[in-house]
Amino acid sequence: MINALSVKVSKTVLLIVGLVNVLILIPLLLLYKHEDAKSLLYSSTAFKKLGQHLDPLMYTSETYRQWGWHLEPANVKFRFTNPMGKSGSPEEVLENNKAVYEAELAKEVTEPKDIDLTDLRPPDKKHIDQYVRANATIIALVRNQEMTSIRRTIRRFEKSFNSKYRYPYTFINDEPFTQRFKDKMAQTTEAPLNFVVIPPELWDKPEFIDVTRESEAMNIMANHNIAYAKKASYHNMCRFYSGTFYNVPELKQFKYYWRIEPNVDFFTDVQYDVLKYMEKAKKVYGFTVNLYDIDETVATLWPETLNFLNQGDNYKYVNPNGAHQWLLENKQNPKKNSVAGGYSTCHFWSNFEIGDMDFFRSEAYSEWFKYLDSTGKFYYERWGDAPVHSIGLALFADKRDIHWFRDLGYEHDPYYNCPNNPKTSRCTAGKFSRWKHLDDQNCMANWFQLSMSSKDTSYFEE
Ligand SMILES: Nc1nc2c(ncn2[C@@H]2O[C@H](COP(=O)(O)OP(=O)(O)OP(=O)(O)O)[C@@H](O)[C@H]2O)c(=O)[nH]1
Ligand SMILES: [Mg+2]
């Protein structure tokens with residue numbers, strides 16, 4: 001009797017508890033999650049910029065179907081939505097993409113039209129010292145033995161741009177620069193020069209790297225003909241440019257940088273201050289060339305990134321208006337996408353880059369880099385700074401703040417950006433590579449169709 005009564009009481013208690021759960025706790029929890037999601041979207045500048053067309057109530061299901069992203073704690077996922085409806089074999093897609101590229105490059109372009117360039121015109125030589133520059137420096141990570149080839153770059157760069165503005169150069173090295181190197185640079189430009197030795201903690205291989213695992217991985221990559229696979233300094237360089245250069249003490253005073261390298265070429269007689277353009281147009285990053293990577297070097301970069309985004313509240317770092325679709329594309333080189341775990345391998349070619357270092361110094365990028373570094377895969381794979389910058393930008397920046405400098409003719413062998421531009425010479429308009437068989441490495445058509453802002457598609461036209 002007592003037993004039957006207690007069973008009845010416990011059943012009632014269970015029922016009440018169950019009802020409380022269903023009616024109060026679960027909705028509260030859902031509301032909490034939803035509020036979290038809503039506040040993320042409402043508070044993010046990206047959402048404000050997106051305007052009204054994204055209903056936060058549709059946040060969890062609809063964005064995945066329509067936009068290809070789903071963001072909630074421990075459940076961050078992306079999918080390629082294929083908005084252009086591309087189909088057919090990779091060869092057919094490539095033919096189509098080549099036509100898109102050629103048509104875009106055939107358009108005659110002049111200069112950006114989104115801001116007034118009047119104040120950005122080259123100052124009179126007599127008044128160059130009074131000219132108000134952007135808070136920027138030209139950076140070149142370079143070795144003493146690359147003196148001749150970096151001088152070649154600087155001569156071309158000065159002629160194209162910097163003799164008109166005299167932005168300071170910051171030469172960076174893991175060893176002290178020789179006096180001869182410094183003297184030669186001083187003979188090459190009238191701009192101020194800084195010579196910086198990288199603090200070892202920003203350059204050296206971290207101590208936790210397992211050297212046996214590293215050397216096994218390097219051997220495998222070398223056997224697969226991956227360039228620089230066994231070159232320890234190359235891995236250091238990629239890690240340095242990926243996540244530590246902007247913390248070099250001498251660079252901390254600057255916001256913007258323009259990166260140059262030995263033996264690159266500039267073909268355009270630029271008549272506006274490109275660095276001030278970045279500042280005035282509030283751009284985060286500027287590039288010229290956009291291409292696929294060697295998939296094996298970044299096999300787990302994207303899966304590791306997803307691991308990071310699924311930890312704690314890291315989902316909050318993703319910009320809903322990022323260039324996600326460009327990262328996920330899988331039609332032109334589907335094998336690369338598959339080896340790289342869902343990443344197209346498309347990246348901004350970082351030997352030319354103009355960027356806002358405050359973006360890289362942000363919490364989102366820094367926390368992500370810290371995670372990537374902790375995996376050791378700058379050494380166990382050969383993660384390059386270009387795909388790392390590109391994934392970071394595509395996830396954490398608004399895609400409208402990433403700018404294709406379509407008007408600047410540029411070459412780093414074997415790839416080009418050759419605009420049809422009256423101020424550009426020595427560069428055949430529309431040429432992508434010196435070798436025809438490399439055409440399939442071109443990712444620009446994806447950028448145009450998946451992530452480029454409407455301003456960049458139109459405002460250069462006459
Ligand atoms: N100081 C220093 N600079 C380096 C080192 N390794 C590479 N660099 C510089 O880092 C930049 C990128 O290196 P590159 O060797 O050009 O790499 P890459 O562009 O992938 O390869 P290439 O196609 O051969 O040009 C260049 O500016 C180099 O001068 C290094 O060990 N020390
Ligand atoms: Mg290079």
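## Helix α15, the nonpolar core and the shell around ligand 1

What covers the buried residues of helix α15 includes three other helices, namely α11 (301-309), α14 (357-360) and α17 (385-396). The model described here is predicted, and the points below take up helix α15, then the core, then the ligand.

**Helix α15**

- Helix α15 runs over residues 363-374, and because its twelve residues at 1.5 Å a residue should span 16 Å, the 16 Å between its end C-alpha atoms agrees with that expectation.
- The residues Tyr365, Trp368 and Leu372 of α15 are buried, and seen down the helix axis the buried residues fall within an arc of 70 degrees, so they line one face of the helix.
- On the face of α15 that is turned away from this buried side, the exposed residues are Glu363, Lys370 and Ser374.
- Just after α15 comes glycine 376, which takes a positive phi of about 75 degrees.

**The nonpolar core**

- The largest nonpolar core contains 102 residues, and those with the most contacts inside it are Ala140, Leu275, Phe287, Val318 and Leu327.
- Helix α17 supplies the largest share of this core, with seven residues.
- Leucine 275 touches, among residues more than four places away in sequence, Arg133, Ala134, Ala136, Tyr167, Tyr256, Trp258 and Ile354.

**Around ligand 1**

- The residues around ligand 1 include Leu141, Val142, Arg143, Asn173, Asp174, Glu261, Pro262 and Asn351.
- The largest share of this shell, three residues, comes from helix α9, which covers residues 232-243.
- By character, the shell around ligand 1 divides into five nonpolar, three polar and four charged residues.

Key: Residues are numbered from 1 along each chain as its sequence is written. Chains are lettered from A and ligands numbered from 1 in the order in which they are written. This is a predicted model: local features need pLDDT of at least 70, side-chain atom pairs count only at pLDDT 80 or more; totals for chains, interfaces and linings use all residues. A residue is near a molecule or strand if its C-beta atom, placed from the backbone, lies within 6 Å of it. Helices (H or I, at least four residues) and strands (E, at least two) are DSSP runs, numbered from the N terminus. Ala, Val, Leu, Ile, Met, Phe, Trp, Tyr, Cys and Pro count as nonpolar, Asp, Glu, Lys and Arg as charged, and the others, Gly among them, as polar. The expected span of a helix is 1.5 Å times one less than its number of residues. A residue is buried if 20 or more other C-beta atoms lie within 10 Å of its own, exposed if 12 or fewer, and partly exposed in between; C-beta atoms are placed from the backbone. The arc is that of the directions from the helix axis to the C-beta atoms. Two residues are in contact if their C-beta atoms, placed from the backbone, lie within 7 Å. A nonpolar core is a set of buried Ala, Val, Leu, Ile, Met, Phe, Trp, Tyr and Cys residues joined through C-beta atoms within 7 Å.
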